[in-house]
Amino acid sequence: MSECFCGIKKEFKECCEPYIAGTKQPPTAEATMRARYSAYCSCNVEYIKKTQHPKGSEDFDEKGTREWAQDSTWLGLQILDTKNGGLQDQNGVVEFKATYRHKNIEHTHHERSTFQKQDGVWYFVDGKVFKTPLVQATPKVGRNEPCTCGSGKKYKKCCGI
C-alpha cells in the first residue's frame with residue numbers, strides 16, 4: 001500500500017491522486033490543500049499552478065516551485081485549523097505545517113492559506129507564512145568559555161577565531 005503523502009490513511013491513488021490527475025475535484029478547501037501538498041511531494045508543479053487562483057497566477061514562480069519541490073524531502077503535513085471551506089462555502093482558510101528537509105536541514109513551513117471556490121473549483125488565493133524560529137542543534141558556546149574541542153584554551157582563542 002502506498003499511503004497518501006497528505007497524511008490521510010488512504011492509498012495515494014484513492015486520496016489525492018485523482019485530484020492531481022484531474023479526474024475529480026477536491027470537495028473542500030482542506031482537500032485542495034492536502035492535494036497541493038501531495039503535488040509538492042510528487043513534484044507535480046502543473047497541479048500546483050492549476051490550483052492557483054487566476055488573480056495570483058501571474059506571480060507564480062514555476063521554476064522556483066519546481067526546484068523547491070525536487071530538492072526537498074517532504075516529511076509530513078499537519079492541518080492545524082480550518083475555517084469554512086466546506087461543501088456549501090465559497091471561501092475557506094486552512095492553517096497547516098508542512099515539514100521537509102532541504103540540504104540536510106529540517107524545516108517547518110507554517111502557513112494560513114486562503115481558498116476561494118469558483119464554478120465548483122477550489123483555488124489557493126494567498127497565504128500568510130509564519131516565521132518559525134531556527135532551533136540551534138547544539139548549545140551556543142560563549143567566547144570566554146572553554147573550547148569544545150578540548151584544547152583547554154578559551155573558545156575565542158581556539159576554534160572561535
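A salt bridge here is a side-chain nitrogen of Lys or Arg within 4 Å of a carboxyl oxygen of Asp or Glu. Glu-111 has none, even though it is buried (under 20% relative accessible area, 1.4 Å probe, protein chains only). This is a predicted model, where local features need pLDDT of at least 70 and side-chain atom pairs count only at pLDDT 80 or more, while totals for chains, interfaces and linings use all residues. Residues are numbered from 1 along each chain as its sequence is written, and side-chain values use heavy atoms, leaving out hydrogens and water.

**Around Glu-111**
- Glu-111 sits in strand S3, residues 105–118 (strands are DSSP E runs of at least two residues, numbered from the N terminus).
- Its nearest side chain of opposite charge is Arg-36, 6.6 Å away; Arg counts as positive and Glu as negative.
- What joins the side chains of Glu-111 and His-109? It's a polar contact of 2.6 Å, meaning a pair of N or O atoms within 3.5 Å, one able to donate a hydrogen and the other to accept it.

**The second largest pocket**
- Glu-111, His-109 and Arg-36 are among the residues lining this pocket.
- Helix H2 (29–41; helices are DSSP H or I runs of at least four residues) gives the largest share of the lining, four residues.

**Positive phi angles**
- Most residues other than glycine have a negative phi.
- Cys-43, not a glycine, has a positive phi of about 55°, and its place is in the loop between H2 and helix H3 (45–50).
- Lys-103 isn't a glycine either and has a positive phi of about 55°; you'll find Lys-103 in the loop between S2 and S3.

Key. Buried < 20%, exposed > 50% of the residue type's maximum accessible area, 1.4 Å probe, protein only. 1 Å grid on protein atoms, 1.4 Å probe; cavity = no way out; pocket = protein on both sides within 12 Å on 5 of 7 lines; lining within 4 Å.
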